[in-house]
Amino acid sequence: MPGRLKRMKELADLDFVRVHKSHLINLNYLLSYDRENATFLKLKDQKQVLISRRKRKSFQERLNNFEWSNN
């Protein structure tokens, strides 16, 4: 497995998820996500991040399976 792909797999195991070709987020820093709109999510630092159409389904699946901590 090439280095970058291997590192992406390691990050995915550590609660990171790619939501756009330009955005990789840590789910522990997710503040809100509107499933109806499904265009943006908001992080704890108040930044809004675009979710690409291609990544929405996999993001929602990952979110459904995510074990939330009290961060």
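## Close-up views of a predicted chain

Among contacts between residues at least 6 apart in sequence, 40% join residues at least 24 apart. The model behind these views is a predicted one, and the legends below walk through it one close-up at a time.

**View 1. The whole chain, with its two helices and five strands.** Starting at the N terminus, the order of the elements is α-β-β-β-β-β-α. The chain has 71 residues, and buried residues make up 27% of them. About 5500 Å² of the chain is exposed, with carbon and sulfur atoms supplying 48% of that area. Keep the order of elements in mind, as the other views use the strand and helix names.

**View 2. The hairpin of β1 and β2.** Here strand β1 (residues 16-20) pairs with strand β2 (residues 23-26) in the antiparallel sense, over four bridges. Two residues carry the chain from β1 to β2 in this hairpin. To find your place in the ladder, look for Val17, which stands opposite Ile25 in β2.

**View 3. The hairpin of β3 and β4, with Ala38 in its turn.** Three bridges pair β3 with β4 in the antiparallel sense. Tyr33 stands opposite Leu41 in β4, and six residues lie between the two strands. The backbone angle to check here belongs to Ala38, in the loop between β3 and β4: its phi is positive, about 55°, although Ala38 is not a glycine. Is Ala38 buried or exposed? Its relative accessible area is 8%, so Ala38 counts as buried.

**View 4. The two faces of strand β4.** Side chains alternate along β4, which spans residues 40-43. Leu41 and Leu43 point to one face and are buried, whereas Phe40 and Lys42 point to the other face and are not buried. Leu41 is a handy landmark in this view: Tyr33 stands opposite Leu41, and Leu41 in turn stands opposite Val49 in β5.

**View 5. The hairpin of β4 and β5, with Gln46 between the strands.** Strand β5 (residues 48-50) runs antiparallel to β4, and three bridges join the two. Four residues lie between these strands. Gln46 is found in the loop between β4 and β5, and this residue, which is not a glycine, has a positive phi near 75°. With a relative accessible area of 47%, Gln46 is partly exposed.

**View 6. A salt bridge between Lys47 and Asp45.** How many salt bridges are counted? The count comes to one. The side chains of Lys47 and Asp45 meet at 3.9 Å, taken from N to O; the cut-off for such a contact is 4 Å, so the pair qualifies. Lys47 counts as exposed, at 52% relative accessibility, and Asp45 counts as partly exposed, at 46%.

**View 7. Lys44 over the face of Tyr29.** This view turns to a charge and a ring. Lys44 lies over the face of Tyr29, and its distance from the ring centre is 5.9 Å.

**View 8. The aromatic pair of Tyr33 and Phe59.** How many aromatic pairs does a search of the whole structure find? The search finds one. In this pair, Tyr33 and Phe59 sit 4.9 Å apart, centre to centre, with 80° between their planes, and the arrangement is edge-to-face. Why does the pair tie together parts that are 26 residues apart in sequence? Tyr33 belongs to strand β3 (residues 30-33) while Phe59 belongs to helix α2 (residues 53-65), so the pair links these two parts. Tyr33 counts as buried, at 15% relative accessibility, and Phe59 counts as buried too, at 0%.

**View 9. Arg54 in helix α2, together with Lys21.** Is Arg54 buried or exposed? Its relative accessible area is 81%, so Arg54 is exposed. Along the chain, Arg54 and Lys21 are 33 residues apart, and their C-alpha atoms are separated by 9.7 Å.

Key: Residues numbered from 1 in each chain as written. Predicted model: local features only at pLDDT ≥ 70, side-chain atom pairs only at ≥ 80, totals over all residues. Heavy atoms only, no water. Phe/Tyr/Trp six-rings, centres within 6.5 Å; stacked < 30°, edge-to-face > 60°. Buried < 20%, exposed > 50% of the residue type's maximum accessible area, 1.4 Å probe, protein only. Lys NZ or Arg CZ within 6 Å of the ring centre and 35° of its normal. Contact = heavy atoms within 4.5 Å. Areas by Shrake-Rupley, 256 points an atom, 1.4 Å probe, with all protein chains shown as cover. Pairing = 2+ DSSP bridges.
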